[in-house]
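Let's take a walk through this fold together, one layer at a time. Have a look at the picture first, then read on.

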Amino acid sequence: MGNNLSEQTSENLATIQEFEQLMNFESTGQFHIHIYTEESNEDKQNALYLIEKLKEAASTGIIRVSVSKGFVYPEGPHMFPNWEIGISHRYLAFVITFLMYHRKNNTVMIHPTGVEEYINHTQRELWLGEKKPISEEFLLELDIKAAEAAERVSEWFK
């Protein structure tokens, strides 16, 4: 460590930047949070409560989130109704802590976004509550289509 405060601050900043590079946030550093809802009104009401509280925190500048509309039916690889929230990795600890204390019976899935959808949804995901099945076939097809599109784009630059 450096002898003075400015040297220590520079060393700490370098360490944080190195750590972020090791975290491999791909190109976005974004995560999706899915708050699943079951058939009960209590689960639906609690999901809405969680969404509103996150929106309130965002409106005050505490965090930055984007909330999609809720999916009433299975959507994409998610086989159960859910709300999807987009969030930067910088606010993830705050939101996870909030959800740990307030999710009640709602299951929550958190995963990084990026080009490796299958891996992001099946190996890099975090669950709060009961793990739900997801459509792995859908994710594999998505990754194949993304790889094909990337190959077509690379052909344009040859």
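Start with the sheet: this predicted model has an open sheet of five strands, in the order 2-3-1-4-5, with antiparallel pairing. (Strands here are DSSP runs of E, at least two residues long, and helices are runs of H or I, at least four, numbered from the N terminus; two strands pair if DSSP finds at least two bridges between them.) Strand 2 (65–67) and strand 5 sit at the edges with a single partner strand each, so one side of each has no neighbour in the sheet. On average, neighbouring strands are turned by 20° against each other, direction ignored. (For angles, axes are lines fitted to C-alpha atoms, for helices over the stretch in contact, and the angles run from 0 to 180 degrees between N-to-C directions.)

Zoom in on strand 1 and strand 4, which run antiparallel and are joined by five bridges. Here His 32 stands opposite His 111 in strand 4.

Now add the helices. Helix 2 packs on the sheet, touching strand 1, strand 2 and strand 3, where contact means heavy atoms within 4.5 Å. Its direction makes about 25° with that of strand 3. Helix 3 lies across strand 1, strand 3, strand 4 and strand 5, at about 10° to strand 1.

Which residues of helix 3 are buried? They are Leu 92, Val 95, Ile 96, Phe 98 and Leu 99, with buried meaning under 20% relative accessible area, exposed over 50% and partly exposed in between (1.4 Å probe, protein chains only). They cover an arc of only 160° around the axis, which puts them on the same side of helix 3; the arc is that of the directions from the helix axis to the C-beta atoms. On the other side of helix 3, Ala 93, Met 100 and Tyr 101 are exposed.

That brings us to the largest nonpolar core, which has 20 residues. (Such a core is a set of buried Ala, Val, Leu, Ile, Met, Phe, Trp, Tyr and Cys residues joined through side-chain atoms within 4.5 Å.) Among the members that touch the most others are Ile 33, Leu 92, Val 95 and Ile 110. Strand 1, helix 2, strand 3, helix 3 and strand 4 each give two or more residues to this core. Apart from it lies another core, of five residues, including Tyr 36 and Met 109.

A note on the numbers: residues are counted from 1 along each chain as its sequence is written, and side-chain values use heavy atoms, with hydrogens and water left out. In this predicted model, local features need pLDDT of at least 70 and side-chain atom pairs count only at pLDDT 80 or more, while totals for chains, interfaces and linings use all residues.
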